[in-house]
Amino acid sequence: MLQIPGPTNVPDRVLRAIDAPTIDHRGPDFAELGLEVLEGLRTVCRTDGQIVVYPASGTGAWEAALVNTLSPGDKVIACETGHFATLWRAMAARLGLEVVWLEGDWRHGADPERIADALDDDVRAVMVVHNETSTGVTSRIADVRAALGDHDALLLVDTISSLASIDYRHDEWGVDVTVAGSQKGLMLPAGLSFNAVSEKALEAAKAARMPRSYWDWAPIIAANANGYWPYTSATNLLYGLREALQILLREEGLEHVFARHARHAAATRAAVAGWGLEVLALDERELSNSLTAVVCGGSDEVRRVILERFDMSLGAGLGRLADEVFRIGHLGDFNDLMLAGTLSGVQMGLKLAGHDVGDGVGAALELLAA
Ligand SMILES: *Cc1c(COP(=O)(O)O)cnc(C)c1O
């Protein structure tokens, strides 16, 4: 049982799609594949704009978002929602950006009002993690955009653990660069990452002076027009992506995917309440649908017992939350009985590790059966 919030379970169908002969990445069959997955990703990101795909983990797409749009010394605002926001900020600082760091308590999302207060004429971009995977808190991106008003800062959003799990709208919400990865909601192995890019971000890229080569959007977008990439593609992962998009867009449908994640998150929270524990997220509007972080001192021992006895991996507390929370991933290829099994394993493990918890599973089953 792999219940960490990414990488997620890869459906057998997707694995079988990957298990196919590699084709010539300059040949005609490849172009068809390339164009099809780019179109599918546009639909998932809800954009009519450009999509850029990298053979890289999500961290690569973080770097791409920064180096394509900014110049050394540019001022950016970053919001401390948790561990991943902290890592992205550190990357921005290493790249030579001047980062205004809006500190947070790791229990809330990005605060639109504080972002508005921190804006001045020099700010060139605002960096927000949509779903903070270390805390199970989802920031309200549309409200963040509204807080920017008519300021011309770019809005850069990390959707690595929300895309294709939680409602997200690149165009409608006025996002300039969306950052995403393959191994969470998209149900693939790690190894592909993405940027969705607005017209405004493309304009900014023309003037941006950050050194860039591998991550440069321009040659990729030029080659993509015909379905190709400027370098060797991760062809077999693209086969998997085509299959995953088929499941998400044409079979289950994105709205149903979002509703399933919301249901599983609600059932998980019912279990947490039934155990007598609390979730880390404090604001009702910011509860994550893709994972739940449970406040539990000594969580490493609970995870150790669960792994040893039931062969289930749960997410650890990251950074300053080490040993203070455990995280249940309920995103990607996941169904009611997988959740019931997951929660049962957690409940048994909590008891075995000496925590006196109530019957959270019962509460979750009521909700799942309703
Ligand atoms: C997983 C994750 C990352 C890191 O992505 P990698 O694929 O491990 O490089 C960044 N941000 C968020 C929100 C994530 O969940």
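Which residue in strand 14 is the bridge partner of G315? The first legend answers this. The model shown throughout is predicted.

**View 1. Strands 13 and 14 pair within an open sheet.** The bridge partner of G315 is R327, in strand 14. Strand 13 covers residues 313-316, and strand 14 covers residues 325-329. The two pair in the antiparallel sense, over 2 bridges. They belong to an open sheet of 5 strands. Its order is 1-13-14-12-11, and its pairing is mixed. Strand 1 (2-3) and strand 11 (278-279) stand at the edges. Each has a single partner strand, so one side of each is left without a neighbour in the sheet.

**View 2. Strand 8 is mostly covered.** Strand 8 runs over residues 154-158, and 5 of its 5 residues are buried. Which way do the side chains point? L154, L156 and D158 point one way from strand 8. L155 and V157 point the other way. Strand 8 also has partner strands. Strand 5 (residues 123-129) pairs with strand 8 in the parallel sense, over 5 bridges. Here V128 has V157 of strand 8 as its bridge partner. Strand 9 pairs with strand 8 in the parallel sense too, over 3 bridges. In this pairing, L156 stands opposite V177 of strand 9.

**View 3. V126 sits in the largest nonpolar core.** This core holds 91 residues. W88, V126 and W217 touch the most other members. Helix 9 (residues 235-252) gives the largest share, 9 residues. Domain 1 (11-251) and domain 2 (254-369) each supply at least three residues. Now look at V126 itself. Leaving out residues up to four places away in sequence, V126 touches I77, I115, L119 and L148. V126 also touches A153, L154, L155 and L156. Another core, of 22 residues, lies apart from the largest one. Among its members are V272, C296, V302 and L350. In soluble globular proteins, nonpolar side chains tend to be buried together.

**View 4. K184 lies in a loop between two strands.** The loop joins strand 9 (177-181) and strand 10 (193-197). UniProt, in an unreviewed entry, lists K184 for "modified residue: N6-(pyridoxal phosphate)lysine". Is K184 buried or exposed? Its relative accessible area is 8%, and the cut-off for buried is under 20%, so K184 counts as buried. Which residues does K184 contact, leaving aside its neighbours within four places in sequence? They are P5, G6, T8, I160, S161, L331 and G332.

**View 5. Helix 13 has a buried side.** Helix 13 covers residues 360-369, and its buried residues are G360, V361, A364 and L368. Seen down the helix axis, these buried residues fall within an arc of 95°, so they line one face of helix 13. An α-helix has 3.6 residues a turn, so residues three or four places apart point the same way. The buried residues of helix 13 pack against helix 10 (254-275) and helix 12 (336-352). E366 and A369 are exposed, on the face turned away from the buried side.

**View 6. Two domains meet.** The protein is divided into domain 1 (11-251) and domain 2 (254-369). Their centres, taken over C-alpha atoms, are separated by 27 Å. How many residues of each domain are in contact with the other? The contact involves 33 residues of domain 1 and 28 residues of domain 2.

Notes
Residues numbered from 1 in each chain as written. Predicted model: local features only at pLDDT ≥ 70, side-chain atom pairs only at ≥ 80, totals over all residues. Heavy atoms only, no water. Core = buried A, V, L, I, M, F, W, Y, C linked by side-chain atoms within 4.5 Å. Buried < 20%, exposed > 50% of the residue type's maximum accessible area, 1.4 Å probe, protein only. Helix = DSSP H or I, 4+ residues; strand = E, 2+ residues; numbered from the N terminus. Domains from an automatic or database assignment. Contact = heavy atoms within 4.5 Å. UniProt positions renumbered as here; feature names shortened; annotations may be inferred. Arc of directions from axis to C-beta. Pairing = 2+ DSSP bridges.
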